[in-house]
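Open the model in your viewer and keep the selection tool ready. This tour goes stop by stop, saying what to pick and what is there.

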Amino acid sequence: MITCKEFFAEFADYMENQVSTEVRQELELHLSQCRACHVLYDTTCKTVKIVTESGSFELPQSVSDPIIDRVMARLRTDHK
Amino acid sequence: MSFLTEIRLQDKFGPFVAFQDAFGFIPNLLHAQTLLPRVIEAQAMLEKAVRLKEGAIPRVQKERILLCIAADRQDEYCLAVDSKILSSIGASDRQIDDLLSDCGNANLTPAELTSLEFCLKLARHAPSVSSEDIEALRECGFGDQEILEAVLVTALALYRCTLSVGLGPEPDFGLRKGVSTRIDSALGDTRQSLLPDAHKAALRKGPYVPAPYLSLESFSPFAVVQRSHGFIPNFFRAQTLRLDLLEAELEAIDRILLPEDVLTRVQKECILLAVSAANLNSYCVAMHCNLLRGLGMPAEEGDQIAVDHRASTLSEPDRALLDFTVKLGTRSSEFSRDDVGKLQALGFTGEQILECVVVTALNNFANTLQMGLGVEPDFEPPRVFEQNKVHLSDASRTPIEGVHAAHLVEPLPDADAGLVTQAQSGGLEAFEELVRRHSQLIYRTLTGILGNTADAQDAMQDTLLNAFKHIGAFQGRSKFSTWLVSIARNTGLQRLRRAKVFESLDEGEHDDERKHHPRQLRAWQDNPEQFHSKSEMRQLVERGISALPPNYRVVVMLRDIEQLAADDVARQLGLSVPAVKTRLLRGRLMLRDWLSPHFANSVGKAVQ
């Protein structure tokens, strides 16, 4: 079986679903037998889910509109 | 004399001694490379491992494969050398003549005949090889090792033929009278089965040969690729069944690709990209595009080289270098000493021309290997070369000729294109509409770089003004949104520099994020989000992301918040895809550590 270090080296590609079938099988075998890596994998997946679903850093229209309006007003003045 | 200057090397020069011992002579093909002894070493390593070493395929069969490919390509130099070598290991003149004129009567076993047919097909037109061909080999009793070796011997044959065409060595021996310089007979006529169709293209799923997983730690020669590519591509992982052969290949790459004393690495990658595209090898095109991006070339420029290097913004000499390599790599029958003369007239030195020929040979070796093993892509290819659009010219014996990279899938049209044209002619309404469409993306890029929303809102105004100022220079080679992000990125970075908290977004040595060690190893609740309100979750995430270093923050922002694909993030930030992936992982792990106290099982125990 592969070591935790080897698992970690493939972790980024595995999360992005970019490993070959053989590598995937090795990694999943490791995950089924190593609690530390399993926790790491599970919590990282949860992190990604939380982050992607959080709707963070939405730019409210009430903020973006005045910025865009200011820029457009300046451009229109410059182009007169 | 060959096309280039030859210099005298010591008789004790290792590869010369090895060839003298193995074949009884030192081929002139080696003398033709004496300007760069390291490339002779590379060839010697490949020949020793692939051709001479006892393996799964008997030596005599390997020699037959090499000879038949040389004959098929009408390469008189290799044909004469390989006939001599085959006869030196016991084949009679009659057997050689039979092999070249009518191999059905050359006393070959059905398995030998099938493997020869496979190798010729792979050498003639690699994109048409499918898992059906591999199945045919397996039905004749071929195992994984034999298949891998057959593919490697074919790749070596193309490596040597490319060198011989590009360097024009003096013949070592005259061709015996009557020796056919081309394969005839039923064996030669595999054209019918070469014709690809949609059904066959669907069968091209690889990898054809299983390869045990090996990490960088457990196979130290991978360090060469880690250094040259920044990661271990599937191309190399697919060959771990035979570590001796893989190691020789890596040592050859170390001698050909890595030194920058003659051609630069960027020039070599451009050569590899242009010839891979002309060979319709989507895998290698994707890989070299990504490597060039890592070396600082804009993605659009790499794409342009793949489609038509003449229309790229490379310098005139570099475009001429690519004319030379594409002709040598894919239209060898048209190649002559005059092509070498053209490069010399442009000021290229003998060493540079030699290295270009060797890199072209290495490319044909790699393209053949990738197609023969059905290696799966590492990246989404920027261009997909469709199999069913490959046309073989009428009765062509060398189908690769005449096939150009024109058969490409057109990129998706940019929905912004119409508005961009209006904005470029001063249409302010069109510009305003574009800006409103992409304000969220610009804002998130700026927040990613600057780390707080107030600065991002401030920088947004500058970004929009800069975008309008420069919109005339946008040439439509990338999507408009990509271009807009690059303006936001530069505006954000300028601001950081002014505030003297600048941290480069470029790739640096400390980019080996995989070494990051997560601190929190406590399991989390099953659905952590259900214990917190939506706005609490959002605030937590925003605080966590703001606390990340800018390098990681901007990647996490674009990939996980804005949800762009990894290669789009790479393109927009001017980074390589591997760099994006490693930064993303590190950013996510830091964020995970930061969120962990909020979501960890209160009763769970930390894992040691």
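Select Ala570(B) and show its surroundings. Leaving out residues up to four places away in sequence, Ala570(B) touches Arg293(B), Leu575(B), Ser576(B), Val577(B) and Val580(B). Touching, or contact, means that the C-beta atoms of two residues, placed from the backbone, lie within 7 Å. Ala570(B) sits in helix 28 of chain B, residues 566–573. Helices (H or I, at least four residues) and strands (E, at least two) are DSSP runs, numbered from the N terminus. Is Ala570(B) buried or exposed? Ala570(B) is buried, because 25 other C-beta atoms lie within 10 Å. Buried means 20 or more other C-beta atoms within 10 Å of the residue's own, exposed means 12 or fewer, and partly exposed is in between; the C-beta atoms are placed from the backbone. Now draw a distance to Arg293(B). The two C-alpha atoms are 8.6 Å apart, though 277 residues separate Ala570(B) and Arg293(B) along the chain.

A word on the model and its labels. This is a predicted model: local features need pLDDT of at least 70, side-chain atom pairs count only at pLDDT 80 or more, and totals for chains, interfaces and linings use all residues. Residues are numbered from 1 along each chain as its sequence is written, while chains are lettered from A and ligands numbered from 1 in the order in which they are written.

**Next: Asp254(B)**

Pick Asp254(B) in helix 15 of chain B, residues 243–256. Asp254(B) counts as buried because it has 20 C-beta neighbours inside 10 Å. Add Ala42(B) to the selection. Its C-alpha atom is 8.4 Å from that of Asp254(B), with their positions 212 residues apart along the chain.

**Whole chain B**

Zoom out and color chain B by secondary structure. Chain B has 29 helices and zero strands. Of its 608 residues, 51% count as buried. Take the contacts in chain B with a separation of 6 or more: residues 24 or more positions apart account for 78% of them.

**Helix 5 of chain B**

Select residues 76–88 of chain B. This is helix 5, with 13 residues. From first C-alpha to last it reaches 18 Å, close to the 18 Å expected at 1.5 Å a residue. The expected span is 1.5 Å times one less than the number of residues. Buried residues in helix 5 of chain B include Tyr77(B), Leu79(B), Asp82(B) and Ile85(B). Show what surrounds them. The buried residues of helix 5 pack against helix 1 (14–23), helix 4 (59–72), helix 6 (93–101) and helix 9 (144–167) of chain B. After helix 5 comes Gly90(B), with a positive phi near 115 degrees.

**Helix 21 of chain B**

Select residues 350–373 of chain B. The 24 residues of helix 21 should span 34 Å at 1.5 Å a residue, and the end C-alpha atoms are 35 Å apart, which agrees. Helix 21 is mostly covered, with 21 of its 24 residues buried. Gly374(B) follows helix 21, and its phi is positive, near 60 degrees.

**Helices 27 and 29 of chain B**

Show both helices. What angle do helix 27 and helix 29 of chain B make? They pack at about 95 degrees, with their axes 8 Å apart. Axes are lines fitted to C-alpha atoms, for helices over the stretch in contact, and angles run from 0 to 180 degrees between N-to-C directions. Helix 27 and helix 29 of chain B are therefore roughly perpendicular, a label for angles of 65 to 115 degrees. Among the residues that meet are Tyr552(B) and Val556(B) in helix 27, with Leu584(B) and Met590(B) in helix 29.

**Across to chain A**

Turn on chain A, which has four helices and zero strands. Of its 80 residues, 35% count as buried. Now highlight the interface: 53 residues of chain B are in contact with 40 residues of chain A. Helix 29 of chain B gives the most to chain B's side, with 10 residues.

Finish on helix 4 of chain A, residues 61–78, and helix 24 of chain B. They pack at about 35 degrees, with axes 10 Å apart. Look for Val63(A), Ile67(A) and Leu75(A), which are among the residues of helix 4 of chain A in this contact. Across from helix 4, helix 24 of chain B brings residues including Met460(B), Leu464(B) and Phe468(B).

Conventions. Angles under 35 degrees count as roughly parallel, over 145 as roughly antiparallel, 65 to 115 as roughly perpendicular and the rest as oblique.
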